[in-house]
Protein chains: 2
Amino acid sequence: MSKKYVYLFSEGDASMRNILGGKGANLAEMTRMGFPVPQGFTVSTEACTKYYEDGQKISDEILEQIYAALAETEKIVGKKFGDLENPFLVSVRSGARASMPGMMDTILNLGLNDIAVQGLAKKTNNERFAYDSYRRFIQMFSDVVMELSKKRFEEIIDEMKEERGITFDTEFSTEDLKEMVEKFKAFYKSEKGEDFPQDPKVQMIESIKAVFRSWDNPRANVYRRMNDIPYSWGTAVNVQAMVFGNMGETSGTGVAFTRNPSTGEKKLYGEYLINAQGEDVVAGVRTPNPIAQLENDMPEVYKEFTEIATKLENHYRDMQDMEYTIEEGKLYMLQTRNGKRTAASAIKIAVDLVNEGMLTKEEAILKVEPKQLDSLLHPTFVQDELKKADVFVKGLAASPGAACGKVYFTAEDCVEAVQRGEKVVLVRLETSPEDIEGMDAAEGILTSRGGMTSHAAVVARGMGTCCVAGCGDVKVDYDNSCFYVNDTKVSEGDYISLDGSTGNVYLGQIPTEEAKLAGDFETFMGWADEIRTLKVYTNADTPRDAKHAVEFGAQGIGLCRTEHMFFAEDRIAAIREMIVSKTVEQRKAALDKLLPMQRGDFEELYRVMGDRPVTVRLLDPPLHEFVPHTDEEIKDLAKEMGLEFADLKATVEGLKEFNPMLGHRGCRLAVTYPEIAEMQARAIMEAAVACNKDGLNVVPEIMIPLVGEVKELKYVKSFVVETAKKVLEENNMDFDFEVGTMIEVPRAALTAGEIAKEAEFFSFGTNDLTQMTFGFSRDDAGAFLNDYYEKKIFESDPFAKLDQIGVGKLVRMAAEAGREARPEIKLGICGEHGGDPSTIDFCHRVGLNYVSCSPFRVPIARLAAAHAAVNNK
Amino acid sequence: MSKKYVYLFSEGDASMRNILGGKGANLAEMTRMGFPVPQGFTVSTEACTKYYEDGQKISDEILEQIYAALAETEKIVGKKFGDLENPFLVSVRSGARASMPGMMDTILNLGLNDIAVQGLAKKTNNERFAYDSYRRFIQMFSDVVMELSKKRFEEIIDEMKEERGITFDTEFSTEDLKEMVEKFKAFYKSEKGEDFPQDPKVQMIESIKAVFRSWDNPRANVYRRMNDIPYSWGTAVNVQAMVFGNMGETSGTGVAFTRNPSTGEKKLYGEYLINAQGEDVVAGVRTPNPIAQLENDMPEVYKEFTEIATKLENHYRDMQDMEYTIEEGKLYMLQTRNGKRTAASAIKIAVDLVNEGMLTKEEAILKVEPKQLDSLLHPTFVQDELKKADVFVKGLAASPGAACGKVYFTAEDCVEAVQRGEKVVLVRLETSPEDIEGMDAAEGILTSRGGMTSHAAVVARGMGTCCVAGCGDVKVDYDNSCFYVNDTKVSEGDYISLDGSTGNVYLGQIPTEEAKLAGDFETFMGWADEIRTLKVYTNADTPRDAKHAVEFGAQGIGLCRTEHMFFAEDRIAAIREMIVSKTVEQRKAALDKLLPMQRGDFEELYRVMGDRPVTVRLLDPPLHEFVPHTDEEIKDLAKEMGLEFADLKATVEGLKEFNPMLGHRGCRLAVTYPEIAEMQARAIMEAAVACNKDGLNVVPEIMIPLVGEVKELKYVKSFVVETAKKVLEENNMDFDFEVGTMIEVPRAALTAGEIAKEAEFFSFGTNDLTQMTFGFSRDDAGAFLNDYYEKKIFESDPFAKLDQIGVGKLVRMAAEAGREARPEIKLGICGEHGGDPSTIDFCHRVGLNYVSCSPFRVPIARLAAAHAAVNNK
């Protein structure tokens, strides 16, 4: 028996979504439920996969099955392809497992040829309609299937209008349309070197191939990458008998939702057009009526439709989005699917469905995509205004939200402009820690370099500020305070608008609306919290970030990056003094100045977090990040610090590294300069002492970064613990503290069993782990990652979505070895991946205790963790 | 029962080397064999380990065992510590498992105090001798054990000489020496605040502790790192009854070898002094006699000694290095051990021992350390001249050999000077590919930056040129054509001498001698080849390198780095033209120019290698390595290429990377620019076609570098294979070719099972794999690796000796997964580690098929592979 690749609608059901695609499976299910569905068949997703495996060919085996299904369908509907009396016409539509705009448009009226058009004329008693359909079919088929340019068809139409002195298509006579068909066919022949295919079977097979091809077009590839849809799924093709909504006043067509997709209100919502085909609704030439009107126009049909709609919603236990056509008073269901909805309505519908007893809480939380919550937490553009705007240039959607403001190119200018009351967008080649204040002041940030985990992206997400990063087409000219995109110049003070959720950049102002949390948000998130087993922590460096995160439901701080505290103006001087120190004594003197500041930082953080755990990471970045690099700046600093220029310059030069990512940083700094880690350990402990004296119960967690060898950890830990104990003694107090490590170097993951003997917790730093496991840096990968997507080597950005195969293998090995060596070890993830739903699912499966992400991703992570709990039951 | 930490000589044997150390085990063995050994006991290496575990304390348990062993020994020798009549005196010596200079000096005459000195005087009937011994003991004990400065003791002696108007120590009278003892004791008390210890047990315990401490002194640590001796081994301490060679004309002391350690000649070789202690031999005040003289002086003793020597050599089945003392006509053996020897003599001895039937070939090859062969393959300094020279500055021993020449600072200057007939040493901050010709012309290379796998080191080893790298104390001043070490200036044209085997740099000229292969070399290496199972390939980029390697016994080329061919003057222009191309067509045009050059390179290589396999790696380095970086150079190049400066500058800027090691390189270049890989594949195949037409049987192996994901390999392989097949078709030929990959990215190792489905061979690129697994780059690690050695986090340079725990785990995983997926897969290593004996042992154990190393390391690798085969039987 050969494998089955083609299914009649009557042979499938909703459970066969993977094979039949969403549309095909639902058409089969509606058929099974006895609803009026124009019959047809589905060519399976497996046929698509085989098409590509066979070198973009449909095998004979599959062709045979298609022809057999066609014959069967012709029998069911009682029509025949190319028939002079009763021609069989079909639509051909793509239908993947997940809904996928970006793929092929629908082909309607397939089957029309010089003979069938006459049959259609007779059958509909409308010759003009038949020829209009025929010329439209030729246009559509030539464009979509045969990839002929649309332009020449438009030109032919325009020439004929001019000859006849008419303005609208509707003014063409039947004879005009016949002439147009001939002209179209002639053009087709001149271009393709052969006649327009008259054999409906050829039309059909070519269309099926076109659907398969469209699975691999650039739009579809981009959409898949953005939505985590694997290339390997393939698409199915649905071949379905045509019904006509344009056969007079008792015909019509429309779309409807069982609930309002914007608000979630439980009321049939939709629109329809009398005497029209689906195309007309989309074209927007005529204004459709609200569906309520149908009750007046055709009460019987309306009643039947509402009954079907209710049954479908109850059957699928979710809000349905349906397409239907009425042919001469008879209702046909063309499609049903779970309706897309806004985040606010998604939450309301989910809560309502639970209250109506239709769903359990577990099922309900799955009805909201975690990423959807973004729009509830960040400003968005006013949708109607957005529709009017053209995309100016596109970058990476680095931090969600919408922003509109005047362009400035330096952090200082941004801060000053905001003080003048302006709204600003900071535009930079890339940002650096010195830009923090400007980034904080700005509505949005645009950079021309850097990826999803670049400084700009990471900091912006932490702040909840909109950011479009790595926008390579933006050529920044700092000298003239402007930037160019191709030949368009944008100067300081000009308005631009950024959409950090899509990466789109617009010229001029697009109004934004503030985020608003829907009423059911708390209820819904409460369920998510009940269901999930993974804890959700946050990456926060400042009390403000921490406060945000707690409001969003963070249960602790998984990563506090102490170096982010070092860039403030009053501290950078002390840091630099420490860096240029020539002796341990000088260095200690400089560190003594930093101690009270760090202690203050941590104390504030602890007080915001209450008794929630706070994990503080010791100094991580290479020291050259803290010193200036141009001669001018070095001169200034030398003067300020009372040093010789040459001396300071030599120090700065000495800190330069070939590969800073692989340089003197992380715990390597603590190995060379134990006094730095000692100062930080002291600050962490003294802050806890102060809080605990006030009755708090802080258990500080000290995290040692970039460990690759257990002896490294052991060494640094030894004086961290010694310092901590000294602080407790000095204060005559005794409370717990923990020392753990990041697992972010492959060797740490490989030797995690040994490392766990010294570490009370592991925090997977998947940013660095990804860089080192793949061997490319996030800052440099931008130069080639696009080639990797285009050539399908990568389907998603490994810095945004954890690579579960390679990097994940290390995480899994380390988690297992760590738990074996120390069963009570606490395991978490604090890379940027910690806020990504698919990664969270992975973390759940690997058995981590928590994920830690930027504050604005906390709700997403809470929901994603709940999804993971349900999906992996 | 408590653990045994202390062993009488009569309780041990040679097999207990790990516990007793080499010296202790051999003393026990000689005791067991009935040879005359002054008795004593050994405090075990385990006691040393426990000493450190207990926080540098000797536990009571061990103390008790020491005292018990002491009492037992006193009984055996019939003397007592501190006795007025017959005082027991001992020597205390360190003795680790491996011979370790750098540790504590010997303490002689321990046990002397104010009473015992009188006993000694009586016993020896020589009061002057007794007090001279006492004052020497005080000096030695104060210096070595109590760490008092030697200087004051010397001053006291000088002052006393001045007072007395004498010149030599020997002129002091007994009364002078008594006075000196008092002065020494007074100084001791003033410094230490307590009397010089009169209790011999205290002297002994303090000395034992000093030996334990010396295990951890900087010299010992450096020596261990250089010789791969683990810190965890610890040292034993030998306490042995003193015998006196200075008791008159029937006493004496000496050292001897059973064979000549320089030539290997089978003849007792050594020297002795009548009426002397070991000290005197070392001090060099008196010239010792050749051992043959002993036959005349004391024929009985000589006979006994030669018999013992022969028995020892037969027993240990190796050339012995012995120390002995004759006390009043009675011979005492103080030590025996396998003698150190030059490489040439090591080979001769090994071959002779086989011929004499004493050793099997397997045993014989173990008698030569692979690294020793270096000195047979490279020039060395004339040893007598070297002894006179002072080390000027020290760097990394990056490429072995000795060199002497005039200093020049640019490659061009070197080339010109050589053309004038000068011998030159190239001195650079670091070298880059543009320096190749200068490096080639130079006798030696000195760099101030970069580690063991820096460009300078790798290229120099490939060329067999002496190189000292990473010599941080050398401050190069290019502008003034000189360099400084502290305040010493060395100018262009000044002579320096480099020792690439030690990293030492000398001012001025030290004559060198050419390498010469000993007569038995071929025989010996032939045995190694018979025994080993690992194949030995070479890393060679030029026909010259390949020729060298074949002469040294390479069985193929494991790595040909095609980019090294690109830097020659006639090619760099075409490369640059390719890089600045804006379209695929331009790029192809530039590549077309390179094609014949590359084809020619490969053809030459194939012809040198005959039918031996040749693995060619596709272009690996980032493109910015091929373009100039200063504005001036860019201007020149722009002019040369007819480009706008701004345009070229923008291209160069665009190629810059934050972390070039983690950037756009390796197969990522081929993904972006398939045409480059196509050109190379074509060149590789066309060269093979030309050779195979001439009757050779070349099977080209095309290696795709830096793969991290199987789809990446699949993609690049697809057009490499397509191109190769096209070339075969065009030439109407059909022969095999293979496509494989480097495993050098951790993710490749983690997903090796998948990758093996597409790769016919794996070559482990352990340089990059080490960098990425540890997360530090070889160029930047220099800044902190010394701290890692000092703090005992690392014991060896992971770029020189493979980290078998972490990186090795990846290699092992990948080898296993690769073989599972493709049982016939060919596995090799081509990193710098491929020439390191301990790594080669690992490769053998993991079951690789070959190691590939630079040409001058091939003999070392052959021998190391044989060692691995024997040691892992």
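Good morning. I begin with a polar contact in chain A: the side chain of Glu744(A) reaches the backbone nitrogen of Leu706(A) at 2.6 Å. Please bear in mind that the model is predicted.

Glu744(A) sits in the loop that joins strand S28 (738-743) to helix H29 (746-750). Its relative accessible area is 2%, so Glu744(A) is buried. Setting aside neighbours within four places in sequence, the contacts of Glu744(A) are Asp620(A), Pro705(A), Leu706(A), Gly765(A), Asp768(A), Leu769(A) and Met772(A).

Two of those partners lead to the record. The UniProt annotation "binding site", from an unreviewed entry, covers Glu744(A) together with Gly765(A) and Asp768(A), and also Arg561(A), Arg617(A), Thr766(A) and Asn767(A).

Let me turn to Asn767(A), which belongs to helix H31, residues 766-774. Is Asn767(A) buried or exposed? Its relative accessibility is 14%, and because buried means under 20%, Asn767(A) counts as buried. Beyond four places in sequence, Asn767(A) touches Thr453(A), Arg778(A), Phe799(A), Gly831(A), Glu832(A) and His833(A).

My last residue is Val707(A), in the loop between strand S27 (701-704) and helix H28 (710-730). Val707(A) has 0% relative accessibility and therefore counts as buried. Which residues does Val707(A) touch, not counting those up to four places away in sequence? They are Cys667(A), Glu712(A), Leu713(A), Thr741(A), Met742(A), Val745(A), Ala748(A) and Ile755(A).

For a sense of distance within the chain, Val707(A) and Glu175(A) are separated by 532 residues in sequence and by 81 Å in space, C-alpha to C-alpha. Thank you.

Conventions: Residues are numbered from 1 along each chain as its sequence is written. Chains are lettered from A and ligands numbered from 1 in the order in which they are written. This is a predicted model: local features need pLDDT of at least 70, side-chain atom pairs count only at pLDDT 80 or more; totals for chains, interfaces and linings use all residues. Side-chain values use heavy atoms; hydrogens and water are left out. Helices (H or I, at least four residues) and strands (E, at least two) are DSSP runs, numbered from the N terminus. Buried means under 20% relative accessible area, exposed over 50%, partly exposed in between (1.4 Å probe, protein chains only). Contact means heavy atoms within 4.5 Å. UniProt positions are given in the numbering used here, feature names are shortened, and annotations may be inferred rather than shown by experiment. A polar contact is a pair of N or O atoms within 3.5 Å; within protein, one must be able to donate a hydrogen and the other to accept it, and residues adjacent in sequence count only if both atoms are side-chain atoms.
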